[in-house]
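Thanks, everyone. Let's get the structure up on the screen and walk through a few parts of it.

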Amino acid sequence: MSSTVDFIAVDLGASSGRLIAGKWSGRRIVLEELHRFPNRGVRIAGSFYWDVLRIWTEIQDGLRRYGNETGTSPASIGVDSWGVDFALLDQAGRMLQNPYHYRDCRTDGIPQRVFRIAQEQTIFSQTAVQTLSINTLFQLYAMVLADDSGLHAAKTLQMIPDLFGYFLTGVKAAEMSIASTTQMYMPRHQEWYHALLQDLHIPERILPEVIPSGSILSTMRSEVLRDTGLSKTFPVVAVASHDTASAVAAVPYLDTGSVFISSGTWSLMGVEMEDPITSDAALTLGFTNEIGAGGSILLMKNITGLWILQECLRVWARSQCIYSWDDMIAAAAQSRPFRCFIDPDAPEFHAPEDMPEAIRAYCGATGQYIPQTMGEVTRCCFESLSLKYSSVLHDIEDLTHRKINTIRIVGGGCLNYLLCQMTADACHRLVVSGPAEAAALGNIMLQAMATGHMNDIQSGRHAIGQSMPQAAYEPQQNDDWLEAYGRFVLLQETERHRTKA
C-alpha cells in the first residue's frame, strides 16, 4: 500500500464543527472524521455570543484523538469557519470577551446610521460586499456608538478562524478571504478601507496584517503539543479561512458555465470571477464579492438556507417531536406540491423564537395556504429555496452575461436528493451534487499546496473530483414549476415593496 500524507482540517460551521483528517496519496484524498461536535450560540442577559473556549476544547480533543490513534503528528493543520464574527484581544493577547454571534440584535438599524456618514454605493464600490446588518463593519460601529470599553481596550481584532490560528501558533494575522467578509477590506487595492474606518471612528490599530490564503502562519505552539500529546511540531496554514472560499475551492470541474451552491445553514450561490462586479444592479440585487482561494473573486448571493429547517427541528424537538432529515425528506415527498411559498430571506425568518409558527404566519399574511404538518412545512421550505435559486440564477446570468448550464452543489445540503431534484426542476439546469465535505476538502487542498504536496487549485479540484462521489440530477419538464416560479416572483416583489415601506 502506498504511503499517504495526513492533513487536518478544522471546519467550523454555524451549527456544528468537525476535525477531519485528509489522507493524500498523491492522486486521491480519503477523508476520516476525527471528531464532530455541536456548535451553537449562547444567550445571556439579552445578548448572543459564541462559546469559543468550548470550541477550542473540542479542537484539542480532536487533535488528542488523532495523536492517540496514529502515534504521530499530521503534515499540517488549517482552520476555516463562518464569516463576519470576531474576537478582540488586549495588549497581552488575552481575549477581552466572548465574541458576539452574528444574530445578536445589537446591529439592528446600524447600517442606516452608517449610511448617514458614508453612502452605501460608495462603500459597495470599494469593499464589493453586500450590505448585511451582521457584517463586521456594522458590529464594530455598534460598539463605537455604545462607547464599548472592550473596543477601547482592544489591541488586535481576530476573525474567528484567525483566532484559532492564533491559539494554535501565537501569530496574529487576517487571512484574505475572511478579511473580505468584513465590509472593511478593498479587494481591488488589497488593503483595509482606512478612509471609511476613520470616518466611523473605528480604531485602525486593531486591524492585523492581511495575508494570502495558503500562507503558513507558523508551527504549532509547544504548549498545544504538550496538551494534546502530539509527538512533534508541524505547520499551521492560513487556508481559505472563510468556509465558503474553502468550499468553492473544492468544487470539482467548476468552469465559466457553472454556478456553485455551497449549501448548509446558509446557501451561497455564485460564480468564480477575475474581478468584482460593483454595479448599481449588483448592489440592488444584493450580491456580494468575496475573495476566494488563490485571489479569485466569488460573485455570489447570500441566501438563508437550511437554517430555517434547522430551527424548525429545534422547535419540534422542544415538543418531543424528534425528526431526522430523512424523516423530513420522506414527509415532504409525500406532501402536496406548490401549495405555499416563503421568501427565505424575509426578516420574519431571521431569528424567530418559533420558526414553524413564523412560516405559518407568513403564509397566512400573504394569502396562501397555511401549512399544518411537518411534511407540509418542510415541502414549503424546500420548494421555496429551489425557486429562490432559480431567481438568483437569472440574476447571475444578467450580471455576468454568462450562460449557465450546470449547478454544482456542495456542502451538507448536497445529500438532500429531494432538494437537489427540485433545484434541477425549478432552475431547468443539470444539477451535480457533491462533495458534502467541500469546506474541509478545500481546507485540506490549500494545506497540501502550502506544504508542497499539491501543485495548484485546478489539479486539486481534479483530484477531489476523482476521489469523491457525485450525483447528477437531470431537470424534469414540468409546467407546474413555471407556474410556481411566477407566483414566487410576485411574492418576492411584494416582499421587496413591504420591506422598503
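At what angle do helix α13 and helix α15 pack? About 85°, with their axes 7 Å apart. Keep in mind that this is a predicted model. An angle from 65 to 115 degrees counts as roughly perpendicular, so α13 and α15 are roughly perpendicular to each other. For orientation, α13 covers residues 325-334 and α15 covers residues 374-400.

Who meets whom? From α13 we have Asp327, Met328, Ile329, Ala331, Ala332 and Ala333. They meet Met374, Gly375, Thr378, Arg379 and Phe382 in α15. By class, that contact has 7 nonpolar, 2 polar and 2 charged residues.

Next, the sheet. It is open, with 7 strands and mixed pairing. The order reads β17-β18-β16-β15-β19-β20-β21. Why is one side of β17 and of β21 left without a neighbour? Both stand at the edges, each with a single partner strand. From one strand to the next, the twist averages 30°.

Look inside the sheet now. Strands β16, residues 266-273, and β18, residues 297-304, run antiparallel. They are joined by 8 bridges. Met269 stands opposite Lys301 in β18.

Last stop, helix α4, residues 136-145. How many of its 10 residues are buried? The count is 8, so to speak of α4 as mostly covered is fair. The buried ones are Thr136, Leu137, Phe138, Gln139, Leu140, Tyr141, Ala142 and Met143. They pack against β7, α2, α5, β8 and α8. Just after α4, Asp147 takes a positive phi of about 50°.

Technical notes. Residues are numbered from 1 along each chain as its sequence is written. This is a predicted model: local features need pLDDT of at least 70, side-chain atom pairs count only at pLDDT 80 or more; totals for chains, interfaces and linings use all residues. Side-chain values use heavy atoms; hydrogens and water are left out. Buried means under 20% relative accessible area, exposed over 50%, partly exposed in between (1.4 Å probe, protein chains only). Helices (H or I, at least four residues) and strands (E, at least two) are DSSP runs, numbered from the N terminus. Contact means heavy atoms within 4.5 Å. Two strands pair if DSSP finds at least two bridges between them. Axes are lines fitted to C-alpha atoms, for helices over the stretch in contact, and angles run from 0 to 180 degrees between N-to-C directions. Angles under 35 degrees count as roughly parallel, over 145 as roughly antiparallel, 65 to 115 as roughly perpendicular and the rest as oblique. Ala, Val, Leu, Ile, Met, Phe, Trp, Tyr, Cys and Pro count as nonpolar, Asp, Glu, Lys and Arg as charged, and the others, Gly among them, as polar.
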